[in-house]
Number of protein chains: 2
Amino acid sequence: MRRQQLLAYECWPTLVGMTEKPPAPPRRSDATRTAILTAARERFGADGYDRATIRAIAKDAGIDPSMVMRYFGNKDGLFAAAVEVDLRFPDLAPVPREEVGRALVGHFLDLWEGNEQLRAVLRVGVTNQAGAERMQGIFREQLLPVARQVCPDPEQVPARAALCAAQLLGLALTRYVLQVPAAQALTREELVVWMGPTVQRYLTAPHP
Amino acid sequence: MRRQQLLAYECWPTLVGMTEKPPAPPRRSDATRTAILTAARERFGADGYDRATIRAIAKDAGIDPSMVMRYFGNKDGLFAAAVEVDLRFPDLAPVPREEVGRALVGHFLDLWEGNEQLRAVLRVGVTNQAGAERMQGIFREQLLPVARQVCPDPEQVPARAALCAAQLLGLALTRYVLQVPAAQALTREELVVWMGPTVQRYLTAPHP
DNA sequence: TCCGTTGGTCAACACTTGTTGGCAACACTA
DNA sequence: TAGTGTTGCCAACAAGTGTTGACCAACGGA
């Protein structure tokens, strides 16, 4: 129950090191830390939050389970540290207006291909309330701005972004999580050609 | 480990009673059985497979956990008995060709609204390997036939069905599972008007 | 050289999980 | 009325969970 100051300090640089400035001085245990994070990403992505046990992750990383606790505080902290989602949507300004749909679908596919972190957030988002809120955050902070850049009417931005999210997450769900064979059989080009116009329409077409 | 013949027989009628013929003679415990199944559907739908514990389900049903085991063998058996998915896609023959997209989206929305079983399969399908296979079965046996009824080229049926599945499951995911506010804010009519043409195109438009 | 800090293991705690067997109360039939 | 199968509760088991603290080895600056 008791929060340990020392541990909180210890895992701090790793938690935000990738997105914030502080140089995060190198430590002798960095190899172990990254080993844990790598194993955690794999397990969370493959098994979801509940079935991914700390013991299994520690075993994959070749260390004792107690190390995970020392470095990341608890299981929640480990998940937060392991899974950091940046959809890296590109700036759409230079893209021709009628190409943004295809560009987004293509980017989304490239991003998901073989990415365990994304699978993990989706799995956990479906299972876990905190995970669902995290996904809502991603939607709000990463997809909404893109939609705002392209949509004609600012008032329609959330609705149009939600439609895009449904299409794109549905793709990720069927292809990468449920692994429906027919969804996996489609090539990247086919998906871009089919879904690109859909996303394009959701973003730019006049309200039907 | 040992399978108990008696118990297998006991839960048989309930397991398949809804889809098969045998009259399934009424038992004194039927009230308890349905109470368990109701509670199980709620818990599985709300919490997913792992977090929905037999103890919690039994408590909701107001009986002892051991009763769940007696009537349904084990947790897997309970899930199989509680969650039975019939998407009930209507016969599209009488529907005008250019209306099938809107009809499907509307039907899909009506079906999902307030349906805990569907939420449960999706949650479990994402978490669990067996659940994922179950969802693939639903795709194969319930969505593919519909697509076959409408698609021009039989060879393209799986691909087109997969595209529809991605769009529809993405809708279910964002609106009913992740509960993204922007996806919940859209009305039934808006969704039909926006997504209907998409599904329509995936099913009937010539390969782009 | 000493000594505090860091990296790591081990064994255990407290708890929850699915699951089982025993036993009492009831209902129905012969 | 005796007997038999059904319905239910209770207590417990074995396994697995996140988590903790004691303990040891090596490092690194004084």
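Good morning. I begin with a single contact: the side chain of A:Ser29 has an N or O atom 2.9 Å from a phosphate oxygen of DNA strand C. That is a polar contact, meaning a pair of N or O atoms within 3.5 Å; within protein, one atom must be able to donate a hydrogen and the other to accept it, and residues adjacent in sequence count only if both atoms are side-chain atoms.

Before going further, a word on the source. This is a predicted model, in which local features need pLDDT of at least 70 and side-chain atom pairs count only at pLDDT 80 or more, while totals for chains, interfaces and linings use all residues. Residues are numbered from 1 along each chain as its sequence is written, chains are lettered from A and ligands numbered from 1 in the order in which they are written, and side-chain values use heavy atoms, with hydrogens and water left out.

Let me stay with DNA strand C. Two further side chains place a polar atom 2.9 Å from a phosphate oxygen of this strand: that of A:Thr32 and that of B:Lys75. The elements that give two or more residues to the surface near DNA strand C are helix 4 (65–72) of chain A, with helix 3 (54–61) and helix 4 (65–72) of chain B. Helices here are DSSP runs (H or I, at least four residues), as strands are (E, at least two), numbered from the N terminus. The most comes from helix 4 of chain A, which gives four residues.

How many residues surround DNA strand C? There are 25, and the closest are A:Thr32, A:Asp64, A:Arg70, B:Thr53 and B:Arg55. Of the atoms of DNA strand C that come within 4 Å of the protein, sugar and phosphate account for 52%. A residue is near a strand if one of its heavy atoms lies within 4 Å of it. By class, this surface has 11 charged, seven polar and seven nonpolar residues. In this scheme Ala, Val, Leu, Ile, Met, Phe, Trp, Tyr, Cys and Pro are nonpolar, Asp, Glu, Lys and Arg are charged, and the others, Gly among them, are polar.

I turn to DNA strand D. It has 23 residues around it, and those that come nearest are A:Thr53, A:Arg55, B:Thr32, B:Asp64 and B:Arg70. Sugar or phosphate makes up 53% of the strand's atoms within 4 Å of the protein, and bases make up the rest. Which part of DNA strand D does the side chain of B:Ser66 approach? An N or O atom of that side chain is 3.0 Å from a base nitrogen. Backbone atoms take part as well: a backbone N or O atom of A:Lys75 lies 3.0 Å from a phosphate oxygen of DNA strand D, and a polar backbone atom of A:Ile54 is 3.2 Å from a phosphate oxygen of that strand. Helix 4 of chain B provides the largest share of the surface near DNA strand D, four residues. By class, this surface has nine charged, eight polar and six nonpolar residues.

Now to the protein itself. Chain A has 11 helices and zero strands. Of its 208 residues, 50% count as buried. Buried means under 20% relative accessible area, exposed over 50%, and partly exposed in between, with a 1.4 Å probe and protein chains only.

Helix 7 of chain A, residues 116–127, deserves a closer look. Why is helix 7 called largely enclosed by the rest of the structure? The reason is that 10 of its 12 residues are buried, among them A:Leu118, A:Arg119 and A:Arg123. At the start of this helix, a side-chain oxygen of A:Asn115 reaches to within 2.9 Å of the backbone nitrogen of A:Gln117.

In helix 8 (residues 129–150) of chain A we find A:Gln136, which is buried at a relative accessible area of 15%. Beyond its neighbours within four places in sequence, A:Gln136 is in contact (heavy atoms within 4.5 Å) with B:Leu178, B:Gln179, B:Val180 and B:Pro181.

Finally, the cysteines. With a disulfide taken as a pair of cysteine sulfur atoms within 2.5 Å, the count over all chains is zero. A:Cys164 is in no disulfide, the nearest cysteine sulfur being that of A:Cys151, 7.3 Å away. The sulfur of B:Cys164 is 7.3 Å from the closest cysteine sulfur, in B:Cys151, which is too far for a bond. A:Cys164 counts as buried at 2% relative accessibility, and B:Cys164 counts as buried at 2%. Thank you.
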